[in-house]
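Subject: Structure for you to look at

Hello,

Please find the structure below, with the sequence alongside. After it I have written down what was found, one part at a time.

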Amino acid sequence: MRNSEAQLSSLLNQLAKRGWAIATDFLPSWVIRGLAEEADRLWRQGRFRPAGIGRGSGYQIRQDVRSDLIFWWDELTPTPIQRIYREEIDRLRQALNEALFLSLTEFEVHYAVFPPGAFYRRHRDRFLTADERMISCILYLNAAWDEADGGALRIYDPEGVAHDVVPRAGTFVLLRSDTVEHEVLPTRRERFSVTGWLRRRAREFRILLNVPE
Ligand code: OGA
Ligand code: MN
């Protein structure tokens with residue numbers, strides 16, 4: 001199962017031009033449904049944990065900044081549906097490397113749920129203390145989402161103009177992790193997504209391997 005070439009090249013073009021990209025039917029609906037069912041099951045089993053901000057010793061839970069809960073995927077033991085998603089992202093990773101001369105090597109990913117009332121204040125995705133995160137990838141899993149349900153992803157362009165994305169099943173968003181500011185507006189319904197980051201190698205390894213920045 002593969003994305004169309006046209007869809008991939010549209011994503012690459014949008015990303016290169018303005019730092020973010022949107023596709024509305026990124027994957028077949030049975031894949032979206034499979035991911036949605038898995039996320040829902042894990043949520044009902046109590047497997048999600050409050051998400052934090054920062055990293056290492058700077059890590060903290062700040063529910064005034066973000067109030068979503070997350071479940072990290074284990075890279076070594078993917079479920080069948082996770083494997084399918086990872087294969088699609090890997091095709092995207094290779095296309096990004098070729099088209100934009102990036103050196104993306106890894107993908108870290110979790111499910112996220114925003115319960116009613118939850119939000120995530122305006123932020124960028126790259127940590128201050130680690131610069132591996134390059135491209136944020138968000139896939140929404142919510143069937144029949146209405147604008148009145150809230151929970152839009154609000155992306156700010158460099159002029160500060162807001163662009164809202166409705167978190168509807170199958171909508172897929174790419175953002176430059178280092179520069180693009182965005183936020184999640186308060187949701188009125190349970191809002192599920194798969195959120196991941198394409199990463200380059202850590203700086204120590206880039207120096208060690210003598211690969212360009
Ligand atoms: C994030 C984030 C956006 C969304 O997890 O960093 O910004 O729409 N998520 O869920
Ligand atoms: Mn973010």
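A residue counts as buried when its relative accessible area is under 20%, and as exposed when that area is over 50%. Asn97 has a relative accessibility of 18%, so Asn97 counts as buried. Please keep in mind that this is a predicted model.

Asn97 and the end of H3

Asn97 is part of helix H3. Apart from neighbours within four places in sequence, Asn97 is in contact with Leu102, Ser103 and Leu104. Phe101 is found in the loop between H3 and strand S4, which covers 106–114. Is Phe101 buried or exposed? Phe101 has a relative accessibility of 74%, so it counts as exposed. The backbone of Phe101 has a positive phi of about 55°, although Phe101 is not a glycine.

Helices against H3

Two packed helices are described by the angle between their axes and the distance between the axes. Both values are given below for two pairs.

The pair to start with is H1 (residues 5–18) and H3 (residues 80–100), whose axes come within 11 Å and cross at roughly 55°. How do H1 and H3 lie to each other? An angle from 35 to 65 degrees falls outside the parallel and perpendicular ranges, and H1 and H3 are therefore oblique to each other. The crossing of H1 past H3 is right-handed. On the H1 side, the contact is made by Glu5, Leu8, Leu12, Leu15 and Ala16, and on the H3 side by Arg91, Leu92, Ala95, Leu96, Ala99 and Leu100. Sorted by class, the residues in this contact of H1 with H3 are 9 nonpolar and 2 charged, with no polar ones.

The other pair is H2 (residues 29–44) and H3, with axes that come within 9 Å and cross at roughly 130°. H2 and H3 are therefore oblique to each other as well. Their crossing is left-handed. In this contact, Trp30, Val31, Gly34, Leu35 and Glu38 of H2 meet Ile81, Gln82, Ile84 and Tyr85 of H3. Which classes do the residues of the contact of H2 with H3 belong to? They divide into 6 nonpolar, 2 polar and 1 charged.

The manganese ion

Which residues coordinate the manganese ion (ligand 2)? They are His123 and His182, each through NE2, and Asp125 through OD, at 2.1 Å. The spacing of these donor residues in sequence is H-x1-D-x56-H. His123 and Asp125 are both buried.

Arg154

His182 turns up again among the contacts of Arg154. Leaving out residues up to four places away in sequence, Arg154 touches Ala162, His163, Asp164, Glu181, His182, Glu183 and Leu185. Arg154 itself belongs to strand S7. With a relative accessibility of 25%, Arg154 counts as partly exposed. From C-alpha to C-alpha, Arg154 and Arg121 are 9.9 Å apart in space, while 33 residues apart in sequence.

Two loop residues

Thr171 sits in the loop between strand S8 (162–165) and strand S9 (172–176). What is the relative accessible area of Thr171? The value is 7%, so Thr171 is buried. Residues up to four places away in sequence are not counted in its contacts, and Thr171 then touches Ile22, Ala23, Thr24, Ile138, Leu139, Tyr140, Val165 and Val166.

Ala144 is in the loop between strand S6 (133–140) and strand S7 (153–156). At a relative accessibility of 68%, Ala144 counts as exposed. Ala144 is not a glycine, yet has a positive phi of about 50°. Without its neighbours within four places in sequence, Ala144 is in contact with Asp149 and Arg189. How far apart are Ala144 and Leu8 in space, C-alpha to C-alpha? The distance is 25 Å, and the two residues are 136 apart in sequence. Leu8 is one of the H1 residues in the contact with H3.

Regards

How values were computed:
Residues numbered from 1 in each chain as written. Chains lettered and ligands numbered in written order. Predicted model: local features only at pLDDT ≥ 70, side-chain atom pairs only at ≥ 80, totals over all residues. Heavy atoms only, no water. Axes fitted to C-alpha atoms, helices over the stretch in contact; angles between N-to-C directions. Helix = DSSP H or I, 4+ residues; strand = E, 2+ residues; numbered from the N terminus. Parallel < 35°, antiparallel > 145°, perpendicular 65-115°, else oblique. Left-handed = near helix turned anticlockwise from the far one by under 90°. Contact = heavy atoms within 4.5 Å. Nonpolar A, V, L, I, M, F, W, Y, C, P; charged D, E, K, R; others polar. Donors = N, O, S within 2.8 Å, 3.2 Å for Na, K, Ca; no water. Buried < 20%, exposed > 50% of the residue type's maximum accessible area, 1.4 Å probe, protein only.
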